[in-house]
Amino acid sequence: DMLAASDGGGNIQVWDATALRHTSRFQAAHKGAVRGLSFSTQNSDLLISGGDDAHLIFWDVKNSRQIQQVSVGAGISALSYHSGGYLLASGTCDGEVLIFDLRKLVSKDSPAMPVQRFDVHESKQGALLALSFATFSWGTRSEGAPASDSGASLMRASKPSPAAVGESEIDAPTSATLESMMGRLSSRSSLLAAAGASASGATL
């Protein structure tokens, strides 16, 4: 079992709670306080952090290295990683909940777009301090949840087919597959940006 802790200086430390030993230290991981930490429920080597600097950072704690950094446009105050492996809930300093699909994240140079957004504090009077996904299985929903509820409908969504995600089978991402996936998305984003710039120049 792994244990992670963060502080107001943006530092993150990780311990192996079973072996009772320190395993990783990420100095100045964020520019400002780290407010949220969440391990993958299916891969304890994968840790996600978020903080005041409005960045999500993905860590391979086994090899003590950063996988990717993504801008989300708002300070992060809490995190919850869905057990399915691809959805991440982020509470913000503005009192919102942002749901991200990890398959659609690119890089820090391309702000992430949430697949769902909830206004928890309509008055915007403070940060959202905690949030958590419930235990979930594909194709099921909590008993009594209204069918019209937007949040419930998001979480009830049927498990995507392999063709929908471009993989031979549906598995929770490992550090390696997540890094590869984000690398492909970053390359695609750069190509699209270059094509857009070329097209704009041709019209001048």
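1. In this predicted model, strand 6 and strand 7 run antiparallel to one another and are paired through 6 bridges. Within that pairing, His 55 has Ser 71 of strand 7 as its bridge partner. The two strands make up a hairpin in which 4 residues separate them, and the turn includes Ser 64. As for its surroundings, strand 7 is largely enclosed by the rest of the structure, since 5 of its 7 residues are buried.

2. The turn of this hairpin deserves a look at the backbone level. Most residues other than glycine have a negative phi. Ser 64, in the loop between strand 6 and strand 7, has instead a positive phi near 50°, and its relative accessible area of 38% places it among partly exposed residues. A second case is Ala 28, which is not a glycine and yet has a positive phi of about 50°. Ala 28 is found in the loop that lies between strand 3 and strand 4 (34–39), and Ala 28 counts as exposed because its relative accessibility is 55%, where the exposed class begins over 50%.

3. Towards the N terminus, 3 strands form an open sheet in the order 1-2-3, and their pairing is antiparallel. Strand 1 (2–6) and strand 3 (21–26) are the edge strands, each of them pairing on one side only. From one strand to the next, the twist averages 20°. Strand 2, covering residues 12–16, is joined to strand 3 by 5 bridges, with the two running antiparallel, and in this arrangement Asp 16 is placed opposite Arg 21 of strand 3.

4. Turning to the interior, the largest nonpolar core contains 17 residues, and those with the most contacts inside it are Ile 48, Leu 56, Phe 58, Leu 88, Phe 100, Leu 102 and Leu 105. Two or more residues are contributed to this core by each of strand 5 (46–51), strand 6 (55–60), strand 7 (65–71), strand 8 (76–81) and strand 10 (96–101). Strand 8 provides the largest share of this core, with 3 residues. Another core, of 9 residues, lies apart from it and includes Ile 12, Ala 29, Val 34 and Leu 47.

5. Side chains of opposite charge can pair when their charged atoms come close. In this model the count of salt bridges comes to 4. One of them joins the side chains of Asp 52 and Arg 35, at 2.9 Å from N to O. This pair links distant parts of the chain, with Asp 52 in the loop between strand 5 and strand 6, Arg 35 in strand 4, and these positions 17 residues apart in the numbering. Both partners fall in the partly exposed class: Asp 52 has a relative accessibility of 34%, and Arg 35 has one of 48%.

6. What are the accessibilities of the partners in the salt bridge between Arg 65 and Asp 60? The side chains of Arg 65 and Asp 60 meet at 3.4 Å, N to O; Arg 65 is partly exposed at a relative accessible area of 29%, whereas Asp 60, at 3%, counts as buried. A further salt bridge brings together the side chains of Arg 103 and Asp 101, at 3.0 Å from N to O. Here Arg 103 is partly exposed, its relative accessible area being 22%, while Asp 101 counts as buried because its relative accessibility is 9%, and the buried class covers values under 20%.

Terms used:
Residues are numbered from 1 along each chain as its sequence is written. This is a predicted model: local features need pLDDT of at least 70, side-chain atom pairs count only at pLDDT 80 or more; totals for chains, interfaces and linings use all residues. Side-chain values use heavy atoms; hydrogens and water are left out. Two strands pair if DSSP finds at least two bridges between them. Axes are lines fitted to C-alpha atoms, for helices over the stretch in contact, and angles run from 0 to 180 degrees between N-to-C directions. A nonpolar core is a set of buried Ala, Val, Leu, Ile, Met, Phe, Trp, Tyr and Cys residues joined through side-chain atoms within 4.5 Å. Buried means under 20% relative accessible area, exposed over 50%, partly exposed in between (1.4 Å probe, protein chains only).
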